[in-house]
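Biologist: I have a model open and would like to learn how to read its enclosed spaces and a few of its loop residues. Could you take me through them?

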Amino acid sequence: MKFRKPDTFYLTSILPPFIVRLIFSTIIQKPRIDKRRCKRCGICKEVCPVGAISLDTFKIDRKKCINCYCCHEMCRFNAIKLGRFL
Ligand code: SF4
Ligand code: SF4
């Protein structure tokens, strides 16, 4: 099939992988659970497609997370914050 590739494809194909990772790690926002707001309803854990959320520790596994932001969209208590957290 013929389709037009996104502009980011060309950027990522000309730069070395470590530069691409560095750029994306600085510009892409990551989710974090705000413990004070969280009601432990479990919706975010249920909708996360990669099982990256632990409500026991309120941690999101960065290695598993694909930044889809489903958790952020589904939390009705506004307890999933997005930012450039380390
Ligand atoms: S959806 Fe929001 S309130 Fe519910 S467990 Fe997740 S972070 Fe907590
Ligand atoms: S952003 Fe997506 S993959 Fe990452 S924790 Fe939230 S639901 Fe899971």
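Modeller: Gladly. Let us start with the term itself: a cavity is a set of grid points, laid over the protein atoms alone, where a 1.4 Å probe fits but cannot get out, and a lining residue has an atom within 4 Å of such a point. Rolling a probe the size of a water molecule over the atoms shows where empty space is left. Please keep in mind that this is a predicted model.

Biologist: How many cavities of 30 Å³ or more does a search of the whole structure find?

Modeller: The search finds two. About 80 Å³ of space lies in the largest cavity, and the second largest has a volume of about 60 Å³.

Biologist: Which residues line the largest cavity?

Modeller: Its lining is made of Ile33, Cys38, Lys39, Arg40, Cys41, Gly42, Cys44, Leu55, Cys75, Phe77, Ala79 and Ile80. Sorted by class, that gives nine nonpolar, one polar and two charged residues.

Biologist: What takes up the space of the largest cavity?

Modeller: Ligand 1 does. The cavity was found on the protein atoms alone, so a ligand can be matched to it afterwards. Around ligand 1 you find Cys38, Lys39, Arg40, Cys41, Gly42, Cys44, Leu55, Cys75, Phe77, Ala79 and Ile80. By class, this shell holds eight nonpolar, one polar and two charged residues.

Biologist: And which residues come closest to the centre of the second largest cavity?

Modeller: With a volume of about 60 Å³, this cavity is lined by 13 residues, of which Cys48, Ile53, Cys65, Cys68 and Cys71 are the closest to its centre. The lining has 12 nonpolar residues, one polar and no charged ones. Ligand 2 takes this space. Of the 13 residues around ligand 2, Cys48, Cys65, Cys68, Tyr69 and Cys71 come nearest, and the classes in its shell are 12 nonpolar, one polar and no charged.

Biologist: Some of those names sit in loops. What is notable about the backbone of Arg40?

Modeller: A good habit is to look at the sign of phi, residue by residue. Arg40 has a positive phi of about 55° although it is not a glycine. Arg40 belongs to the loop between β1 and α3 and is one of the residues around ligand 1. Tyr69 also has a positive phi, of about 70°, and is not a glycine either. Tyr69 lies in the loop between β3 and α4.

Biologist: Why does Arg40 count as partly exposed?

Modeller: Partly exposed covers the range between 20% and 50% relative accessible area. Arg40 falls there because its relative accessibility is 45%, and Tyr69 does so because its value is 22%.

Biologist: Is Asp34 buried or exposed?

Modeller: Asp34 is buried, because its relative accessible area is 7% and the cut-off is under 20%. Asp34 is in the loop between β1 (30–33) and α3 (43–47). Leaving out residues up to four places away in sequence, Asp34 touches Ala79 and Lys81. Ala79 is also among the residues around ligand 1.

Biologist: Where is Asn67, and what does Asn67 touch?

Modeller: Asn67 is in the loop between β3 (59–60) and α4 (70–74). With neighbours up to four places away in sequence set aside, Asn67 touches Ile28, Gln29, Lys30 and Pro31. Asn67 and Lys30 are 37 residues apart along the chain, yet their C-alpha atoms are separated by 6.4 Å. Asn67 is partly exposed, with a relative accessible area of 26%.

Definitions and conventions: Residues are numbered from 1 along each chain as its sequence is written. Chains are lettered from A and ligands numbered from 1 in the order in which they are written. This is a predicted model: local features need pLDDT of at least 70, side-chain atom pairs count only at pLDDT 80 or more; totals for chains, interfaces and linings use all residues. Side-chain values use heavy atoms; hydrogens and water are left out. Helices (H or I, at least four residues) and strands (E, at least two) are DSSP runs, numbered from the N terminus. Buried means under 20% relative accessible area, exposed over 50%, partly exposed in between (1.4 Å probe, protein chains only). Contact means heavy atoms within 4.5 Å. A residue is near a molecule or strand if one of its heavy atoms lies within 4 Å of it. On a 1 Å grid over the protein atoms alone, a cavity is a set of points where a 1.4 Å probe fits but cannot get out, and a pocket is an open set with protein on both sides within 12 Å along at least five of seven lines; lining residues have an atom within 4 Å of a point. A molecule sits in a cavity or pocket if more than half of its atoms lie within 2 Å of its grid points. Ala, Val, Leu, Ile, Met, Phe, Trp, Tyr, Cys and Pro count as nonpolar, Asp, Glu, Lys and Arg as charged, and the others, Gly among them, as polar. Grid points are joined across faces, edges and corners, and a volume is the space filled by probe spheres set on the points.
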